[in-house]
Number of protein chains: 2
Amino acid sequence: MNEPAANTLTLIQKVAKEIRLQLVNGELLPNQKLSEATLSEQFGISRNTLRETFRLLTKEGLLKHEPNRGVFVSTPSMATIIDIYRVRRIIECQALAQAYRMHPALKGMHLAVEHAYICRDKKDWLGVGTANMEFHAAIVQLADSERLNALFSNIAAELRLAFGMLDDLEFLHSPFVDTNNHLLEMFDAGKTTEAASYLEDYLIRSERMVLAAYARRIE
Amino acid sequence: MNEPAANTLTLIQKVAKEIRLQLVNGELLPNQKLSEATLSEQFGISRNTLRETFRLLTKEGLLKHEPNRGVFVSTPSMATIIDIYRVRRIIECQALAQAYRMHPALKGMHLAVEHAYICRDKKDWLGVGTANMEFHAAIVQLADSERLNALFSNIAAELRLAFGMLDDLEFLHSPFVDTNNHLLEMFDAGKTTEAASYLEDYLIRSERMVLAAYARRIE
DNA sequence: GCATATTTGTCCGTATGTATA
DNA sequence: CTATACATACGGACAAATATG
């Protein structure tokens, strides 16, 4: 019954957090092999502990486990991107369509838009990408489902992994700052169904751009 | 390049599968503690291996990990059930509404309905529950998303865990055999949007029944 | 409130099997 | 085909946290 004591973060989770950061920041590249021996020494933890960390990240789709061969950084394929956008269209559009307008997550949407403008002014395109994901995470929160939030969190990390393979980040993220703002205005004005269908178009357009950039970057 | 060799299921995954079965079959009860020492001996595996298995199932929401105290079988709360049905309404209804009628998953839907009738005749209510879940898994498959399929697989296991806390399984599952059949007929007849809204009502009704049974079973 | 027993968290060493150069 | 490297899995150890009397 004592919740406060459960504040401790286990070693495994701390390491997982660290690796997750390295992944979405592009410090670890897709398809790269993560050796147990090397990483366990690098983090100063035992191989057993590291292996448990690997299981966590594998379940999240960030690492790929090949039996008897080891774990590798996931390589998002076109199929991955298509799948992710399919999920996003279903979940985000429904969340928006069914949301009530006084929902607390609305504040998160506004904050994310502000954040995006600030980053765009500084030409911080990675920051714009982050703000963009915050915005969409807030949309999902409208559905009030812990499980959908968790799913989106995973999906967002996977997408960022895919973005790491591309380099025209300005081209990918910057157009959507105004789009997000416009979407938010529509929603605030109570045009929910209109906003939902606008979001659907938006996601289709975004998917197309990401796929095109991806196709250009294939070696 | 040799796919066939990748067929091997690691020990960890085999044990996870086994425990998952025991969970959905009610052999392990909610809130029950799973001792590392006891279970590792029982399965004939080392503690380290078992711990990795625990991580997997914890990520799936079937087990709950309390730092320095151990792992316990998850206890689905009302909030859990509400959350799960919220997810189901969003995903299943959209999957059905957007599906094309020649989709291969349709075969799965038909098989599940047949399976349900057979089990109902034998008064095998647990089997009816399984067939029911197969039917809905097939609906999700209409969306063609690996990630949504994985999410639903988790959710279904969690829900079965909740069912394990109830005992009027006939009352819970048996009415929906005909409902599934009717839904399938509507979909086959091409009345997709009608079927989708029928499914929404269906899920709302189902949720209400599960919640009521749950409330009755509280001690 | 204390002392003890139990259990988890983490690490290490090692044997075996599998993949690859 | 052999050798090497590495993942898989085991069992033992010990400190730290927790439960028990």
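**Two chains and two DNA strands**

Trainee: How do the residues of the surface near DNA strand D divide by class?
Mentor: That surface has six nonpolar, nine polar and three charged residues. Here Ala, Val, Leu, Ile, Met, Phe, Trp, Tyr, Cys and Pro count as nonpolar, Asp, Glu, Lys and Arg as charged, and the others, Gly among them, as polar. Keep in mind that this is a predicted model, where local features need pLDDT of at least 70, side-chain atom pairs count only at pLDDT 80 or more, and totals for chains, interfaces and linings use all residues. Residues are numbered from 1 along each chain as its sequence is written, while chains are lettered from A and ligands numbered from 1 in the order in which they are written.

Trainee: OK, and which residues are the closest to strand D?
Mentor: Of the 18 residues around DNA strand D, the closest are A:Glu36, A:Gly70, B:Leu11, B:Thr49 and B:Asn68. A residue is near a strand if its C-beta atom, placed from the backbone, lies within 6 Å of it.

Trainee: Which elements supply at least two residues there?
Mentor: α2 (36–43) of chain A does, and so do α1 (11–24) and α3 of chain B. Helices (H or I, at least four residues) and strands (E, at least two) are DSSP runs, numbered from the N terminus.

Trainee: What about DNA strand C, how many residues surround it?
Mentor: 18 surround DNA strand C, and the closest are A:Leu11, A:Ser46, A:Thr49, B:Glu36 and B:Gly70. Two or more residues come from each of α1 (11–24) and α3 (47–59) of chain A, and α2 (36–43) and α3 (47–59) of chain B.

Trainee: Switching topic: what turn lays chain A on chain B?
Mentor: A turn of 180° with a shift of 0.1 Å along the axis, giving an RMSD of 0.3 Å. The superposition is by least squares on the C-alpha atoms of residues with pLDDT of at least 70 in both copies. That is how a two-fold axis relates things.

Trainee: Which C-alpha of chain A is nearest the axis?
Mentor: That of A:Glu52, 2.7 Å from the axis.

Trainee: Now the strands. How do β2 and β3 of chain A pair?
Mentor: β2(A), residues 63–66, and β3(A) are antiparallel over four bridges; strands pair if DSSP finds at least two bridges between them. A:Leu63 has A:Val73 as its bridge partner in β3(A). The two strands form a hairpin with three residues between them, and A:Asn68 in the turn has a positive phi of about 65°.
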